[in-house]
Amino acid sequence: MSSYKSDFLRELETRGFIHQLSDAEGIDEAAVEKIVTGYIGFDATAPSLHAGSLVQIMLLRWLQKAGHRPIALMGGGTTRIGDPSFRDDARPLLDDEKIDENLTGIKAVFAKFLNFGNGKTDAVMVNNRDWLDDLHYIDFLRDYGRHFSVNRMLSFDSVKIRLEREQNLSFLEFNYMILQAYDFLELNRRYGCVLQMGGSDQWGNIVNGIDLTRRVLDHQIFGLTSPLLTTSDGKKMGKSQDGAVWLNAEMRSPYEFWQFWRNTTDADVGRFLKLYTELPIPECERLGALEGSAINDAKIVLANEVTTLCHGAEAAAAAEATAREVFEKGGVGDDLPTLTLSADDIGDGISIVQLFVKSGLAGSGKEAKRLFAENGAKLNDTPLNDPGQMITQEFLAEPIKLSAGKKRHALVKID
């Protein structure tokens, strides 16, 4: 039985979202007494967020569902520096044009999870470039830099780990936590934002923001972090065998996205249902407790629910239908990732190894040849053993299906 009074914290606690709270009682009381405005920041380091960001997006969604107002803060300004938290090296610096391009791709995701508008609980999207670009650095250091202790900043894990490993931490990156703290101050001043949420690697940045806002504005604000998630086998959440599990359909097809969740390890199913879907807790626990072949039914539910949230019910249904066609009936499946080649691409023939690489089923020719050696490569469900095999235009008169192991497939056709 939850000890929290607010629907918001009760939901988060039972679903496993809470790792740290700056003031549990204060947040709980605020969420009972008034509409709480809370935010999470997302830097624009790529044209899409990936599945590793879904916990944070779901936090904003649950905040809104509980009757509060979420702010999705786009890091148009802070992306120019890069968050050093728990990284071994500096992020590549991006120019403004690339950042704007990335922001366009990222914004599209949020419209699927949050309701935006002008109502009291409608979500707001803000870009921290709006205030960071106008800062006069000397004035900023004088007015806000004096509130930060270097000794304390060095004690935070995000900094300390880099220094302990004797890996370079630039002065530019060191400034990141000051700017993120200032974001919280500005959002409090402009929007009445009283809650910052994020992964547990953001705890130091959040605490700095709470402290700065108290010192400058004498306002009480709060922080909440979620656990940093790994799968039960220790892998980083949001990564798959063939790279990041992007949320934008043009970077990872709905079918591939669906398949990622369908391939969830048995031990993770119940936990992921609570975190990534809106199914009632008892149903999540029932499905997560299934054993043997029955757990596969729970994985299909998980894949359908998450894909519906991210890509829509139609895309989820199409992905499931394709999976059944491919796995149960041995068919081709129209919704599989497709490599379309021109006659010029093929010429007098193209090697089967190249097709595995071009279709994304192998990261390199070496990896593709290893698939062959391990009997993991198939063409139209027939095992392949000759990596030197050439595929001609005539052979591609009908689309062919390539398979890497039992779970990864792609179509190849000629235009």
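These notebook entries record what I looked up in a predicted model.

**Entry 1. The sheet**

I began with the strand order. Six strands, arranged S1-S6-S5-S2-S3-S4, make an open sheet with mixed pairing. I then asked which strands lie at the edges of this sheet. They are strand S1 (20–21) and strand S4 (124–127), each of which pairs on one side only.

I next followed the pairing from S2 through S3 to S4. S2 and S3 run parallel and are joined by 7 bridges. Within that pair, I found Asp43 opposite Gly75 in S3. Strand S3 (residues 69–75) also pairs with S4, again in the parallel sense, over 4 bridges. Here Leu73 faces Val126 in S4.

I checked how far S2 is covered and noted that 6 of its 7 residues are buried.

**Entry 2. A helix across the sheet**

I looked up which strands helix H10 (residues 176–191) lies across. They are strand S2 (37–43), S3, S4, strand S5 (195–199) and strand S6 (222–226). Relative to S2, the helix H10 runs at about 145 degrees.

**Entry 3. Helix H15**

I compared the span of helix H15 (residues 295–311) with expectation. From its first C-alpha to its last, this helix of 17 residues reaches 24 Å, close to the 24 Å expected at 1.5 Å a residue.

I then asked whether H15 is mostly covered or mostly open, and found 12 of its 17 residues buried. The buried set includes nonpolar side chains such as Ile295, Ile300, Leu302, Val306 and Leu309. Lys299, Asn304, Thr307 and His311 are also among the buried residues of H15. Directly after the helix H15 comes Gly312, with a positive phi near 105 degrees.

**Entry 4. Nonpolar cores**

I searched for the largest nonpolar core and found one of 86 residues. Those with the most contacts inside it are Leu54, Ile57, Phe110, Phe113, Met197, Trp261 and Tyr276.

I took Tyr276 for a closer look and listed its contacts, leaving out residues up to four places away in sequence. Tyr276 touches Ala51, Leu54, Val55, Met58, Leu229, Met237, Trp261, Val306 and Leu309. Two of these partners, Val306 and Leu309, are buried residues of H15. Leu54 and Trp261, also touched by Tyr276, are themselves listed with the most contacts inside the core.

Apart from this core lies another, of 23 residues, among them Leu355, Phe356, Leu361 and Ala368.

**Entry 5. Salt bridges**

I counted the salt bridges: the structure holds 16. I examined three of them individually.

Lys98 pairs with Glu101, with 3.2 Å between the closest N and O atoms. I asked why these two can meet: they are 3 residues apart in helix H4 (residues 96–113), and therefore separated by about one helical turn. Lys98 is partly exposed at 31% relative accessible area, and Glu101 is partly exposed at 46%.

Arg215 and Asp211 form a salt bridge at 2.9 Å, N to O. In helix H11 (residues 203–217) they are 4 residues apart, so about one helical turn separates them. Arg215 is partly exposed, with a relative accessible area of 45%, whereas Asp211 is buried at 15%.

Asp268 and Arg271 also meet at 2.9 Å, N to O. Asp268 is buried, its relative accessibility being 2%, while Arg271 is partly exposed at 31%. Elsewhere I noted a network in which Arg61, Lys65 and Glu278 are joined by salt bridges that share partners.

**Entry 6. Positive phi outside glycine**

I looked for positive phi values in residues other than glycine, because most such residues have a negative phi. I recorded two cases.

Asp218 has a phi near 60 degrees. I found Asp218 in the loop between H11 and S6, and Asp218 counts as exposed at 65% relative accessibility.

Asn375 likewise has a positive phi, of about 60 degrees. Asn375 sits in the loop between helix H19 (365–373) and strand S11 (377–379). With a relative accessible area of 58%, Asn375 is exposed.

Terms used:
Residues are numbered from 1 along each chain as its sequence is written. This is a predicted model: local features need pLDDT of at least 70, side-chain atom pairs count only at pLDDT 80 or more; totals for chains, interfaces and linings use all residues. Side-chain values use heavy atoms; hydrogens and water are left out. A salt bridge is a side-chain nitrogen of Lys or Arg within 4 Å of a carboxyl oxygen of Asp or Glu. Buried means under 20% relative accessible area, exposed over 50%, partly exposed in between (1.4 Å probe, protein chains only). Two strands pair if DSSP finds at least two bridges between them. Contact means heavy atoms within 4.5 Å. Axes are lines fitted to C-alpha atoms, for helices over the stretch in contact, and angles run from 0 to 180 degrees between N-to-C directions. The expected span of a helix is 1.5 Å times one less than its number of residues. A nonpolar core is a set of buried Ala, Val, Leu, Ile, Met, Phe, Trp, Tyr and Cys residues joined through side-chain atoms within 4.5 Å.
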